[in-house]
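Grab a pencil and let's work through a few exercises together. Each one sets a task and then solves it step by step.

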Amino acid sequence: MAQVPNLKRVSLVIGWFGTDVRAGQCVVKPGVERRDKTTVPMGWSVAGLDRGNAHLISRVPTPSGPSGHLPHEGGGDSPAYGGTPSDESVRQAVAALKARGLEVTLYPFVFMDCEGYPWRGRVNGRDGANAAADVAAVFGMAGGWGLRRMALHYATLAAETGADGLLIGSEMRGLTWTRDATGGFPAVAQFRTLAEECRAVVGPGVAISYAADWSEYFGWQAGGEVRFHLDPLWADANIDYVGIDWYPPMGDWREGDGGVDGATWAAGDDRDYLSAQVAGGEGFDWYYASYADRAAQVRTAIVDTAHGEDWVFRPKDLKGWWSNPHYDRPGGVRSATPTAWVPGMKPIRLTEFGCAAVDRGANAPNLFQDPKSDETALPPGSTGARDDRMQRRALEAVLEHYAEPENNPAASLYAGRMVEGADAWCWDARAYPAFPGRPDVWADAGAWRTGHWLNGRLAGETRDLIAAILKRGGLREEAFEIGPVAGEVQGYVIDRPMRTRDALEPLMAGLGLVAAERGGKVAVLGEGVVDLTLAQEAMALPDDGGSVRADRRLEPRPNAARVRFIDGNADYQTGAVVVRSGGDGGGVDLDLPAVCTGATARSAAERVLAGEEGRRLTVALGPLEMLRLEPGDRVEVEGHAGVWRAVRLDQDETPSVVLEPVVEVEVGEDDGVPGPGESGDAVGAPFLRVLELPPLPGAETDGRPIAVVAAEPWRAMQVFAGASADTLTARGEARSSATVGVLVEALPPGRPWRWDTVNEVVVRLEGRDPENRSDGAVLGGANALAIETETGWEIVQFRTATLVGDGVWRLTGLLRGQQGSEGAMQAGAEAGAVCVVLDEALVRVASPRGERGLPLIWRAGPLGGPAGGAGVSEVMQMLSGVHERPWRPVHLNVAADGGGRQVIWRARSRIDGDRWVGEAAGADPLRFRVRVLSGGAVWREAVVEGETWNYAASDLGADFPGGVGADAVVAVSQWGEGYGWGDEVRMGLS
């Protein structure tokens with residue numbers, strides 16, 4: 001949305017698979033790449049099929065593998081296509097798109113998974129008596145597997161999801177051209193019936209159409225016969241608009257000088273040239289009558305000599321087709337009555353339009369490269385080089401043409417214009433740059449480089465970027481002009497306040513641009529034709545010397561140029577190219593703060609080297625010649641080779657112009673493919689736990705909760721929390737994956753504060769492998785983990801880790817109940833209990849004291865992403881402030897004292913208590929609760945300030961008149977200001 005802020009509609013393309021170009025044998029069915037593929041959290045299901053019953057997509061050799069014929073099922077190296085998206089994923093996609101305010105059209109699409117992998121438009125029936133049966137077979141019944149089942153299934157999904165539109169088919173040209181024995185077109189009748197059936201499912205609020213090929217929409221023509229065969233469909237009440245996949249030729253540019261068109265236009269990707277081709281050129285003004293004529297560029301004008309309806313034979317004349325009645329010409333004879341089409345009765349929508357990002361792509365925008373397909377081809381005359389500019393300008397030409405009212409007339413029969421919308425092909429739903437940066441995952445990744453994909457190509461042209469910088473510098477659009485620019489730059493970094501000229505200087509140096517004042521405007525000039533030739537007779541002869549003075553810097557020419565740039569193909573990391581020469585000098589450096597490719601950076605280095613030659617010409621001119629020159633002009637000078645640029649005009653008593661050579665550098669092809677980015681893998685929802693732990697060694701004073709976030713593969717995660725889903729706020733960032741696991745065997749209760757050589761922890765861990773550590777290291781806090789029990793988290797340390805299975809470790813030499821967690825230790829832990837390694841990968845998260853006792857929603861998901869969705873985990877946790885919970889007192893002793901009892905104990909300090917020198921100050925006040933319990937009931941309770949309590953004989957006798965029983969105990973706990981009463985230590989009274 002940031003790259004295309006004016007986007008209004010998305011067509012969601014959903015592939016099913018056809019099995020034969022013979023309509024009578026063709027089955028159309030959802031497909032999968034593998035039957036044994038497991039997906040979580042959703043299983044795969046489409047139209048009631050699971051993986052076991054779906055079409056199994058054939059496999060082909062990978063592009064680097066051996067070539068050969070279509071392999072048998074299960075052979076080959078990779079699937080020929082990606083599988084059909086599951087119905088649930090379609091539901092989620094529609095919901096996500098509509099949540100962004102976009103219209104959504106469901107676009108079921110037939111991929112041909114058969115010999116040669118042809119275009120779906122090749123599917124056809126046998127003309128004549130078998131036509132109706134062949135066509136009926138590929139459409140099938142509502143419960144079968146054909147075009148009907150496909151369209152009706154997505155009509156149901158459209159109604160369920162609230163989608164705005166539905167295409168009932170697309171580019172089935174061979175099928176709609178199939179004729180029966182009476183000359184009729186049975187597939188058109190089938191599509192009309194199908195439209196009626198889908199309308200009954202979706203209701204009146206969903207726009208329905210068929211997406212005809214650009215060579216199909218206007219009719220069937222052969223041997224002088226003309227049939228507007230789709231008019232019954234276009235006029236049908238259940239069809240809302242005329243859908244056209246728009247890929248007519250938009251150029252005929254030939255190698256070298258461009259051929260015939262080169263005499264009129266500047267280049268094959270020239271804006272004016274492409275604009276003139278939208279409703280002009282081949283398919284509008286002229287056509288090639290034969291292959292020989294095409295090779296020789298012998299063009300035949302499109303003229304209807306019989307009836308003056310030239311538009312009938314012009315596939316690119318949308319306005320003529322839309323605004324006129326249509327008369328069939330059976331046998332070449334014009335009918336007396338028109339077809340069902342009423343001029344201007346419905347809008348046109350370009351359901352697809354696009355152009356491959358390849359040299360001369362506009363010569364044939366419909367062609368594509370796919371090694372497995374017999375249809376693979378380059379546009380005529382193309383070298384196969386990548387050309388993003390060609391793609392962008394071809395799309396802009398179409399959009400700009402129909403944005404002009406004279407080219408897109410207003411309708412009189414409905415509110416709107418002739419062309420109501422255009423859908424650019426295509427934006428891949430696979431995440432960029434993982435696609436195309438992961439050819440190991442996607443077999444078609446190599447096709448992106450010169451394909452129709454728009455992903456990674458919407459940054460705009462360098463001229464647009466320069467204009468944006470000038471505007472940011474305070475210039476209005478009418479105050480500057482920008483000439484042609486060689487080299488593509490997708491972005492530019494201005495990291496501090498500076499003058500506009502200073503900001504542009506590195507960019508101009510790298511791209512061979514100059515800035516000058518021309519006609520009262522700021523002019524940024526680059527490529528262009530020669531403006532003037534300075535002949536000898538036009539030059540003045542000064543009093544001393546000749547008309548031309550040549551200067552050259554005497555320093556040795558540099559032997560290398562290095563350009564540092566921001567590599568758009570490498571996740572915006574710093575890239576560098578070095579170009580060497582035969583010079584004797586040192587090297588020169590250029591820091592180009594531009595997002596570009598290595599090819600653009602290399603051309604910048606070549607320019608820097610050539611510019612260091614330091615040549616200049618000073619040419620004395622007469623006053624008339626001086627008036628013809630402006631700064632920045634490109635000129636030729638008689639007697640001096642090359643093209644020169646005017647950098648200074650001196651209009652004094654002896655007028656002269658200072659010239660510098662124009663460095664002509666050809667920007668090479670960009671062969672780069674984007675890298676996979678930070679992570680080319682799909683990341684599921686992470687493991688998430690929120691721990692409240694006592695003070696930990698090395699971080700005793702940090703009382704914040706700990707978020708345990710783990711995932712494989714890993715990417716940075718954000719942790720959120722809030723009382724409800726709509727109050728979630730960011731609480732912390734996890735930069736590393738935690739090491740977590742589960743107990744393989746139960747851990748029984750143990751004894752704290754001494755080496756346990758009997759018990760062991762058997763745990764399956766994911767993350768970093770545990771290590772053996774010395775006694776001293778463990779006593780210093782190493783090798784700690786938290787184990788979840790029914791009463792909280794026990795902190796356990798270990799000396800030795802032994803691998804006993806796949807990811808399973810036996811941890812021995814234990815220290816149990818560490819950091820005041822002996823209460824959890826006494827509960828023990830069952831097999832399957834969660835274990836967390838306490839290391840630097842854990843993240844402390846913010847939670848103010850006011851949230852204690854409040855149930856909170858905690859979530860973790862990818863950093864920079866939303867706080868909800870499929871990749872986000874959620875847990876509920878209520879915090880209590882365990883960090884401030886006093887530890888159990890120790891050394892509890894009960895002694896007889898004159899018929900009563902004296903109870904004494906020692907407090908422990910949870911912070912700074914493990915010191916060798918001096919006494920710890922104590923983290924909590926010396927305030928204790930003493931309780932006497934028997935049979936589960938509290939018989940007496942006292943609060944004392946100190947570490948002793950006297951249980952008087954009179955009180956003891958009153959509480960236990962029959963004597964102290966075996967179950968009578970005394971329990972002591974300490975008060976914590978931020979927590980309350982801590983855990984109790986107990987001892988018998990008898």
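Which residues does His55 touch, not counting residues up to four places away in sequence?

**Exercise 1: Around His55**

Before we start, note that this is a predicted model, where local features need pLDDT of at least 70, side-chain atom pairs count only at pLDDT 80 or more, and totals for chains, interfaces and linings use all residues. Residues are numbered from 1 along each chain as its sequence is written, and side-chain values use heavy atoms, with hydrogens and water left out.

Step 1. Find His55 in strand 4 (residues 55–56). Strands (E, at least two residues) and helices (H or I, at least four) are DSSP runs, numbered from the N terminus.

Step 2. List the contacts, meaning heavy atoms within 4.5 Å. His55 touches Phe17, Thr19, Lys29, Pro30, Gly31, Val32 and Asp113, leaving out residues up to four places away in sequence.

Step 3. Check the burial: buried means under 20% relative accessible area, exposed over 50%, and partly exposed in between (1.4 Å probe, protein chains only). His55 has a relative accessibility of 16%, so it counts as buried.

**Exercise 2: Classify two ring pairs**

Work out which kind of pair Trp939 and Phe960 make, after a warm-up with Phe435 and Trp442.

Step 1. Get the rule: rings of Phe, Tyr and Trp (its six-membered ring) pair if their centres lie within 6.5 Å, and planes under 30 degrees apart count as stacked, over 60 as edge-to-face and the rest as tilted. The structure holds 28 such aromatic pairs.

Step 2. Warm up. Phe435 and Trp442 sit 6.0 Å apart, centre to centre, with 80 degrees between the planes, which makes the pair edge-to-face. Phe435 is buried at 1% relative accessible area, while Trp442 is partly exposed at 23%.

Step 3. Now the main pair. Trp939 and Phe960 have ring centres 6.1 Å apart and planes at 45 degrees, so this pair is tilted.

Step 4. Place the partners. Trp939 is in strand 47 (residues 937–945), Phe960 is in the loop between helix 18 (953–959) and strand 49 (969–976), and the pair links distant parts of the chain, 21 residues apart. Trp939 is partly exposed at 46% relative accessibility, but Phe960 is buried at 10%.

**Exercise 3: A ring cluster and a charge**

Find the cluster that includes Tyr81, then say what sits over the Tyr81 ring.

Step 1. Follow the ring pairs: they link Phe17, Tyr81, Tyr107, Phe109, Phe111, Tyr117 and Trp425 into a cluster.

Step 2. Look for a charge over a ring (NZ of Lys or CZ of Arg within 6 Å of the ring centre and within 35 degrees of the ring normal). The charged end of Lys372 sits over the ring of Tyr81, 4.5 Å from its centre.

Step 3. Return to Trp425 and check its bond to Cys426: that peptide bond is cis, with omega near -5 degrees. Cys426 belongs to the loop between strand 16 (419–424) and helix 11 (434–437).

**Exercise 4: Explore the core**

Describe the largest nonpolar core and pick out one of its well-connected residues.

Step 1. Know the term: a nonpolar core is a set of buried Ala, Val, Leu, Ile, Met, Phe, Trp, Tyr and Cys residues joined through side-chain atoms within 4.5 Å.

Step 2. The largest one has 93 residues, and those with the most contacts inside it include Leu318, Trp321 and Ile348. Helix 3 (residues 147–161) gives the most to this core, with eight residues.

Step 3. Zoom in on Ile348: among the residues that it touches, not counting those up to four places away in sequence, are Val242, Ile244, Leu318 and Trp321.

**Exercise 5: Two odd backbone angles**

Say where Gln819 and His891 lie and what is notable about phi.

Step 1. Gln819 is in the loop between strand 39 and helix 17, and has a positive phi of about 55 degrees although it is not a glycine.

Step 2. His891 lies in strand 44. Phi of His891 is near 55 degrees, a positive value in a residue other than glycine.

Step 3. Finish with burial: His891 has 65% relative accessibility, so it counts as exposed.
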